Amino acid sequence: GGYNMAMMGALLMTAGAGGINGSYAIPTKYIKRWSFESTWLVFSLMTFFLGPWLFLYGFSDNGWLSLVHLWSVVSFSHLSQLFAGGVLFGCGQIGFAWALKRIGMGLAFVINIGLSVVLGSFLPIFLHHSRLLWLPVGFTLLGVVIILLGLGVSYRAGKLRKGRDGAVMDNRKVYFYGVLSAVVAGLGSAGQNFTFALNHDALMGYAQLVGFSSLAAKTAVWPFFLTFSFIPYALYMLYLNIKNKSFHEYVTAEKRYYFYSILMMLGWYGSLILYSYAVMEVGQLGAVVIWPLFMSLIILTSNFWGWCFGEWKHASLQTKRMAVCGLLCFILSLPCFAYATYCVSI
């Protein structure tokens with residue numbers, strides 16, 4: 001009974017994580033006087049660097065000394081894996097920011113998260129759980145197949161969608177690079193979960209070794225991973241600042257933009273905290289069965305907001321129906337992942 005309650009708690013945390021992650025980009029709709037690079041550089045500084053370390057610092061006994069001690073005990077092998085996965089994810093997040101700009105919030109999330117679900121689930125399954133393909137993993141794979149179907153339908157709907165000016169979205173170059181950017185983001189996100197699956201137990205052990213609480217230790221992998229993600233992301237945005245001579249925006253733009261960036265950080269990093277706790281509640285297969293559920297809920301939430309913000313308002317009725325069919329596939333996948341989580345508890 002107690003374990004089933006833990007599974008229910010894991011599902012609720014995953015639902016909350018998916019909901020807030022799918023909503024984190026909403027403030028970008030209201031940031032009008034910052035350029036692309038200024039918006040996302042401040043976001044990355046808040047989300048990839050300051051937020052994760054400040055969260056961990058809040059649970060430390062000896063302040064910054066605890067963080068320095070944690071860095072000193074993590075093995076080179078784990079740091080290398082976190083560096084590789086973090087840099088890949090940072091490059092992917094650059095692609096995602098470009099995809100949001102080119103093809104809209106709804107479709108960018110669909111392609112990014114769809115690929116992330118497939119690769120982020122398959123890699124841990126076949127490398128670490130290849131003998132467990134029939135119950136929890138089997139239902140996870142079924143859900144992934146349904147998501148692939150939804151991804152294909154959504155891609156087609158997005159290609160037919162009309163742009164905001166009422167013209168058909170047939171600028172092949174813009175659409176191609178938008179989709180390519182979302183694919184790069186998906187590869188990076190898959191690397192995020194794979195790196196988490198490989199390292200979260202070890203980093204939790206290191207954190208507990210130097211005195212962090214169990215609550216804080218469950219998230220210890222993210223400050224390292226995201227710091228490495230911050231490097232390529234920030235360098236690219238700084239390059240754009242120099243190229244476009246947009247440094248003045250940090251001073252002249254409305255100060256509420258910094259508040260919007262903090263909200264984005266709370267949504268994005270807060271979802272990772274909830275996801276980490278949910279994975280730990282499930283146990284060995286947590287990163288396999290919780291990840292696709294988390295990603296599917298992000299897709300549904302982000303597409304809800306995409307519709308609310310009128311990203312599909314100029315589309316034909318047939319295209320809208322196709323988009324809805326794609327979303328229905330993601331909804332149909334949810335029972336598969338929920339039942340896979342239940343199977344883990346049996």
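In this predicted model, helix α4 (residues 76-103) and helix α7 (residues 172-209) approach each other until their axes come within 6 Å, crossing at roughly 150°. An angle over 145 degrees counts as roughly antiparallel, so α4 is roughly antiparallel to α7. The crossing of this pair is left-handed.

It helps to step back to the overall fold here. The protein contains 13 helices and zero strands, so the pattern read along the sequence is written with α alone, as α-α-α-α-α-α-α-α-α-α-α-α-α. The chain has 346 residues, and 57% of them count as buried.

Helix α2 offers two further examples of packing. Its partner in one of them is helix α9 (residues 221-244): the two pack at an angle of about 155°, and their axes lie 9 Å apart. That angle makes α2 roughly antiparallel to α9, and α2 passes α9 in a left-handed crossing. The other partner is helix α3 (residues 64-73), where the axes of α2 and α3 come within 9 Å and cross at roughly 110°. Because angles of 65 to 115 degrees count as roughly perpendicular, α2 is described as roughly perpendicular to α3. Here the crossing is right-handed.

Helix α2 also takes part in a feature of the surface. Which residues make the nonpolar surface patch? The patch is formed by Leu-45, Phe-49, Leu-50, Leu-54, Tyr-57 and Trp-64, and it covers about 540 Å². Helix α2, which spans residues 36-58, gives the most to this patch, with five residues. Leu-50 is a handy one to look for in the structure: its place is in helix α2, and its relative accessible area of 34% makes Leu-50 partly exposed. Residues of a patch need over 30% relative accessible area, and Leu-50 has 34%.

Back at helix α9, Val-221 gives a view of a residue with little exposure to the outside. Val-221 has its place in helix α9 and is buried, because its relative accessible area is 2% and buried means under 20%. The C-alpha atom of Val-221 is separated by 8.5 Å from that of Ala-202, although these two residues are 19 residues apart along the chain.

The loop between α9 and α10 (249-252) holds Lys-245. What is the phi of Lys-245? The value is near 55°, which is positive in a residue other than glycine. Most residues other than glycine have a negative phi. Is Lys-245 buried or exposed? With 67% relative accessibility, Lys-245 counts as exposed, because exposed means over 50%.

A final feature concerns charged side chains. Side chains of opposite charge can pair when their charged atoms come close. How many salt bridges does the structure hold? It holds one salt bridge, formed by Arg-256 with Glu-254, and the closest N and O atoms of the pair are 2.4 Å apart. This distance fits the cut-off, since a salt bridge asks for a side-chain nitrogen of Lys or Arg within 4 Å of a carboxyl oxygen of Asp or Glu. Both partners fall in the range between buried and exposed: Arg-256 is partly exposed, with a relative accessible area of 37%, and Glu-254 is partly exposed, with 29%.

Note on methods
Residues are numbered from 1 along each chain as its sequence is written. This is a predicted model: local features need pLDDT of at least 70, side-chain atom pairs count only at pLDDT 80 or more; totals for chains, interfaces and linings use all residues. Side-chain values use heavy atoms; hydrogens and water are left out. Patches are made of residues with over 30% relative accessible area and no salt bridge: like charges are joined within 9 Å, nonpolar side chains (Val, Leu, Ile, Met, Phe, Trp, Tyr) within 5 Å. Accessible areas come from the Shrake-Rupley method with a 1.4 Å probe; for residues, only the protein chains shown count as cover. Helices (H or I, at least four residues) and strands (E, at least two) are DSSP runs, numbered from the N terminus. Buried means under 20% relative accessible area, exposed over 50%, partly exposed in between (1.4 Å probe, protein chains only). Axes are lines fitted to C-alpha atoms, for helices over the stretch in contact, and angles run from 0 to 180 degrees between N-to-C directions. Angles under 35 degrees count as roughly parallel, over 145 as roughly antiparallel, 65 to 115 as roughly perpendicular and the rest as oblique. A crossing is left-handed if the near helix is turned anticlockwise from the far one by less than a right angle, and right-handed if clockwise.
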